[in-house]
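Please open the model in a viewer and keep the selection tool at hand. The tour below proceeds from one selection to the next.

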Amino acid sequence: MDRKGITAVAVAILVLLIWQIEFAPKFAPPTPPPGQTPSGSPAPSDVATAAAAAAPADNPLTAAPAPAPAPAEPKVPEKITSAAGAAAQYHFTNLGGGISRAELTGYPAESGSNVDLNEFGSLPIGALSEKPAEEADLPYTVTLEGNTVLCVRDQPGGLSISKKFTLPASIKDAHGYRVVLDVSFANHGAQPIQSAGYYLYVGSATPIHQRDLPLYTAFDWYVQGAKANHIDVSWFAAGKIPFIGVETHPERPIYTAESDKIGWAAINSQFFTTVVAPQNGAAGSGVWARRFPVKTQTRAVLAIEGALRMPAFSLGPGQSVTQSFEIYAGPKIYAVLKGLGDGQERILNFGMFSYVSIFLLSAMNTLHSWTGSYAIAIIILTLCIRGLLWPVQNKATASMRQMQELQPRMTELKEKYKDDPTRMNQEVMKLYKEYNVNPLAGCIPMFVQIPIFFGFYRMLGTAIELRNSRFLWVHDLSQPDTVFHLAGFPVNILPICMAITMVVQMSLTPKSGDQAQQRMFMFVPLIFVLFCYNFASALALYWTVQNVFSITQLYVTRKRTAPAPFKPPPPKRKSR
C-alpha cells in the first residue's frame, strides 16, 4: 500500500480508535437507574411503566373476564434437571420452566471450565411472561424423558401451559446445538381466554474476555424481508460528544421495538449466541432488551438480556394452540448459522464490507483444511492477495515516482501563483497533462486495500475458528499476543513488529507532498499500533505479513530506473 493508501486507512482507524476509547466497556457496575434494584433487575412497577408501549396492561395469560386477584404463590425452591444433548449439557430449572444454562462441552472458557450460555441470566431461556421480566420465574413441573424435557404449569382460570424441549440427538442437527421448543396453551376452564401476547425469554450474554469490545455483547433481531438490527451494551449508556463530554441523551434503562414480521431475536457475545426463531410461518411482534451489571470471579462487567414478544391469540373452552420455536445456543459458525435460514448468519455483524469478510472467512477455512494452521492460512491468504495486487501496486509506485520528479516544478508553480489559487490549479493540471501524469494513479491500491483491511478486521474479530488457535508464541489468535507485562502494561510482540515494518515500508516509498505532510506520515504507525494493540493478534499478523511483502516489492523495484516524466512531442501538422 502506498503512502496515500496508508494515510486513508489510518484516518479511518483513528475514527474507530476514538470510538473504542469513548465507548469502551466500563469495568465497574454503573449506578442503577431509579427503580432498579442493586442487582440490576428492574423493579416490576418500573418495567411495566417503561415497556407500556410494547406490553399490554391486561394479563394476556388469564381468562376473560379477569378473576379476582389470587393470593401470591408460596415460594418454591429451585430444582435443576440436567440433560445431555449432542454437543452441550442443558440445565433446566423449574422456576420459569426453561434452560437456566447451556454448557458447551467442546468450548473451554478462560477459567478452564466449559463456556456457559445464560450463566448470569435472571431468567431461563424459554421463560414466559405477560410483560418482560415480570413473573417469568413461576414454578413448573419438569419431567425428563430421553432427549425430551417437558415443563408444565397450570394457571388460575383454567389455562394450562406446556413447554416441550426436544434436544439435538446428533451433531448433524445444526452442529448439535439446535433445540426445538413447542409451547402449548390449553383452556381447561369454562370461560374463553383472550391472550394479548406474551414474551419468550431469549437469554443473556456477558463478555467472555477481559478486553472485549462493547459491540460484541449485544442483542440482535431480524425483520423478515428487511434487515437485522444490532443493539450492544453501549446503546444503553448516556450519549456524550467525544472528548467534549456534552450529554446528548440520558441513560436508557431498556430497549423495545415493534414489528409484525420479526423472524428471530438473539443474544450475543463475541463468539457465542442464543437465537430464538418462531417456526411454521409464525413471527414475533416485538422485542425487549436491557443491560445489567454482573460481578464475575475477577471483575465487574456489563451483560445484556432480551426477550421476543409473540402476538395475541384466543382460546375457547376446551381449545388449545401450539407455537413452535427453534433455539440455537452455541458458537457463531457462519456456515451453521446460514444453514438455519432466515438470515441468521447476520448475527456475525460483518458490517458494510460483509461480502469481503465472507469471502476471506471462506478462503481462510479452505486454506486451514489444507495446512492445519489458521496462522499459516492467514499468511498464505495475505500473500495471495498481495500477489494479485502486484501489478496495480507497481503502477501506483511508478506514478508516485513520476510525481516525485515533478515536485520541484510544482513547487515553483505554487510559489509563482500563491496569490491566485485558481490560476495555480490550472497550471498544475496543465503540467500533469503536459507530462502525461495521472495524480490519482497512486490512490488505486487504496480503494482496493480499504475494503480488504476492514473485511479482515470484522472477520478476524468474530471468527470463532481462531479462538484458541496457536502460532509460535501466540496462544490465541483471536486475542492479543501478550508475552509478559512490564509494570502492569501488556507487551504484545506482533503489533510492535507491525509498526517496525510500517516504518521500513514508508522509508522505501517514494515521497511526495510538502515537509509538513511527510512529518504527519510518521504518526501513521503509531495510529495502527494503538488500533491493533489490544485487538486479535491475527489482524496484526495479517498486516505485518502484507508490510513485509510490500517491502520486498519496493526493494525489488526500487533499483529499476523509473521513467522520467515524459513530455510528449508537439503534434505533427498535417501536410496539405
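**A nonpolar patch on the surface**

Begin by selecting Leu 472, Trp 473, Val 483, Phe 484 and Leu 486, which together form a nonpolar surface patch with about 520 Å² of accessible area. The model is a predicted one. Within this patch, Leu 472 belongs to the loop that runs between α8 (444-462) and β22 (482-486). Leu 472 counts as exposed because its relative accessibility is 67%.

**The whole chain**

Now display the entire protein chain, which contains 12 helices and 23 strands. Of its 576 residues, 52% are buried. The accessible surface amounts to about 27000 Å², and carbon and sulfur atoms contribute 60% of that area. Among contacts with a separation of 6 or more, 69% are between residues 24 or more positions apart.

**The nonpolar cores**

In soluble globular proteins, nonpolar side chains tend to be buried together. Which residues have the most contacts inside the largest nonpolar core? Select Met 364, Phe 456 and Leu 539, which hold that place in a core of 120 residues. Apart from that core lies another, of 7 residues, including Met 410, Leu 413, Tyr 417 and Val 428. Return to Met 364 and show its surroundings: beyond its neighbours within four places in sequence, Met 364 contacts Tyr 374, Ala 377, Ile 378, Leu 381, Met 459, Leu 460, Ala 463 and Leu 466.

**Strand β9 and its surroundings**

Next, select Leu 181 in strand β9 (residues 178-187). Is Leu 181 buried or exposed? Leu 181 is buried, because its relative accessible area is 0%. Residues up to four places away in sequence aside, Leu 181 touches Gly 126, Lys 163, Lys 164, Phe 165, Leu 200, Gln 323, Ser 324, Phe 325 and Ile 327. Add Thr 166 to the selection: the C-alpha atoms of Leu 181 and Thr 166 are 6.4 Å apart in space, while the two residues are 15 residues apart in sequence.

**Salt bridges**

How many salt bridges are there to find? The count comes to 4, and three stops follow.

- Select Arg 178 and Glu 326, whose salt bridge has its closest N and O atoms 3.6 Å apart. This pair links strand β9, which holds Arg 178, to strand β21 (residues 320-331), which holds Glu 326, across 148 residues of sequence. Glu 326 counts as buried because its relative accessibility is 18%.
- Select Glu 305 and Arg 290, whose side chains meet in a salt bridge at 2.6 Å, N to O. Glu 305 is in strand β19 (residues 300-310) and Arg 290 in strand β18 (residues 284-295), so this pair ties together parts 15 residues apart in sequence. Both Glu 305 and Arg 290 are buried.
- Select Asp 116 and Arg 101, which form a salt bridge of 2.6 Å, N to O. Asp 116 lies in strand β4 (residues 114-117) and Arg 101 in strand β3 (residues 98-108).

**Backbone and cysteines**

Most residues other than glycine have a negative phi. Select Glu 135, a residue with a positive phi of about 55° that is not a glycine. Glu 135 sits in the loop between β5 (128-129) and β6 (141-145). Then select Asn 349, which is not a glycine and likewise has a positive phi of about 55°. Asn 349 lies in the loop between α3 (334-340) and α4 (354-371).

Finally, select Cys 384, which is partly exposed at 44% relative accessibility, and Cys 497, which is partly exposed at 30%. A search of the whole structure finds 0 disulfides.

How values were computed. Residues are numbered from 1 along each chain as its sequence is written. This is a predicted model: local features need pLDDT of at least 70, side-chain atom pairs count only at pLDDT 80 or more; totals for chains, interfaces and linings use all residues. Side-chain values use heavy atoms; hydrogens and water are left out. A disulfide is a pair of cysteine sulfur atoms within 2.5 Å. Buried means under 20% relative accessible area, exposed over 50%, partly exposed in between (1.4 Å probe, protein chains only). A nonpolar core is a set of buried Ala, Val, Leu, Ile, Met, Phe, Trp, Tyr and Cys residues joined through side-chain atoms within 4.5 Å. Contact means heavy atoms within 4.5 Å. Helices (H or I, at least four residues) and strands (E, at least two) are DSSP runs, numbered from the N terminus. Accessible areas come from the Shrake-Rupley method with a 1.4 Å probe; for residues, only the protein chains shown count as cover. Patches are made of residues with over 30% relative accessible area and no salt bridge: like charges are joined within 9 Å, nonpolar side chains (Val, Leu, Ile, Met, Phe, Trp, Tyr) within 5 Å.
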